[in-house]
Amino acid sequence: METLRVETHISGNGVHIRSDAFDMHLELNRSTPVTPTSVSTSLWLALPIAMRLGRDLHLCGRIDATALANAQSLTCTWVNWEPGFFHPLHISADDVSSAPSRQDRKETLMLYSGGMDSSHALCREFIAQGRRTDALTIQGMDYKADDDERFNALLSKTAPLRQEVIDQHFLIRSNVAQQMKQHGIDADIGHGFHLFGCLFLLED
């Protein structure tokens, strides 16, 4: 089958990832523009769809060499775990290279859903230890990307806890889960890919 070519377009805090099989939009709530050093976000978000379709995957732009190796290895694992649902593929990009890590990067970034499990982890790993952290929450997983009412209610409910321990709280509005769902990829499979992809938006 024809290779799935994925383009990534960034404008301010908005990211548009598109191909002939999907149209993904992500928006990050920070004051400075999104400046990832690669298109590895697109790699992780497109990978399950490419595996589902059985199409080789090509990323237009640069992807990190370690991310590519991990993605190719993970593909083999999923194909063995879900044969017939996922299919083997080859991953490529315009440029595969590694950028030096920033030395001033914050030590931790917690994936925080606002639910019971993540709130307990926040208390155990940070408040109880006298540590602070940055956090990332995605609107478009537990709550749909356009469900502002319920998502804002969650933020209000968790505000006292978050203010006690979280420094920067990044919020990403994402329609990725809906795009995966169109290809039969439910949250129990797509969840991890969604998280990986969003984390790479903050690789700078």
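**Helix packing and enclosed space**

In this predicted model, Ser119, Leu122, Cys123, Phe126 and Ile127 of α3 are in contact with Leu161, Glu164 and Val165 of α4. Sorted by class, the residues of this contact comprise six nonpolar, one polar and one charged. Helix α3 covers residues 116-127 and helix α4 covers residues 148-165; their axes come within 11 Å and cross at roughly 25 degrees. An angle under 35 degrees counts as roughly parallel, and α3 and α4 are therefore roughly parallel to each other. The handedness of the α3 and α4 crossing is left-handed.

A second helix pair involves α1 (40-53) and α2, the helix of residues 65-81. The axes of α1 and α2 come within 11 Å, with a crossing angle of roughly 20 degrees, and that makes α1 roughly parallel to α2. Here the crossing is right-handed. On the α1 side, the contact is formed by Ser40, Leu43, Trp44, Leu47 and Met51, and on the α2 side by Ala67, Leu68, Asn70, Ala71, Leu74, Thr75 and Trp78. The classes in this contact are nine nonpolar, three polar and no charged residues.

Helix α1 also packs against α6, at an angle of about 160 degrees and with the axes 6 Å apart. Since angles over 145 degrees count as roughly antiparallel, α1 and α6 are therefore roughly antiparallel to each other. Helix α1 brings Ser40, Thr41, Trp44, Leu45, Leu47, Pro48 and Met51 to this contact, while α6 brings Phe193, His194, Phe196, Gly197 and Phe200. Eight nonpolar, four polar and no charged residues take part. Several residues of α1 serve in both of its contacts: Ser40, Trp44, Leu47 and Met51 are listed with α2 and again with α6.

Attention now turns to empty space. Rolling a probe the size of a water molecule over the atoms shows where such space is left. Across the whole structure, the search finds one cavity of 30 Å³ or more. The volume of the largest cavity is about 40 Å³. Its lining consists of Thr8, Ile10, Val15, Ile17, Pro36, Ser38, Val39, Thr41, Ser42 and Leu201. At least two lining residues come from each of β1 (4-11), β2 (14-18) and α1 (40-53). By class, the cavity lining has six nonpolar, four polar and no charged residues. Thr41 belongs to this lining and also to the contact that α1 makes with α6.

Helix α6 (187-200) reappears at the second largest pocket, where α6 and α5 (176-181) are the elements that give two or more residues to the lining. This pocket holds about 280 Å³ of space. Its lining numbers 14 residues, with Gly140, Met141, Ala177, Gln178 and Ala187 lying nearest the centre. Five nonpolar, five polar and four charged residues make up the lining of the second largest pocket. Charged residues thus appear in this pocket lining, whereas the lining of the largest cavity has no charged residues.

Technical notes: Residues numbered from 1 in each chain as written. Predicted model: local features only at pLDDT ≥ 70, side-chain atom pairs only at ≥ 80, totals over all residues. Heavy atoms only, no water. 1 Å grid on protein atoms, 1.4 Å probe; cavity = no way out; pocket = protein on both sides within 12 Å on 5 of 7 lines; lining within 4 Å. Points joined across faces, edges and corners; volume = space filled by probe spheres on them. Helix = DSSP H or I, 4+ residues; strand = E, 2+ residues; numbered from the N terminus. Nonpolar A, V, L, I, M, F, W, Y, C, P; charged D, E, K, R; others polar. Axes fitted to C-alpha atoms, helices over the stretch in contact; angles between N-to-C directions. Parallel < 35°, antiparallel > 145°, perpendicular 65-115°, else oblique. Left-handed = near helix turned anticlockwise from the far one by under 90°. Contact = heavy atoms within 4.5 Å.
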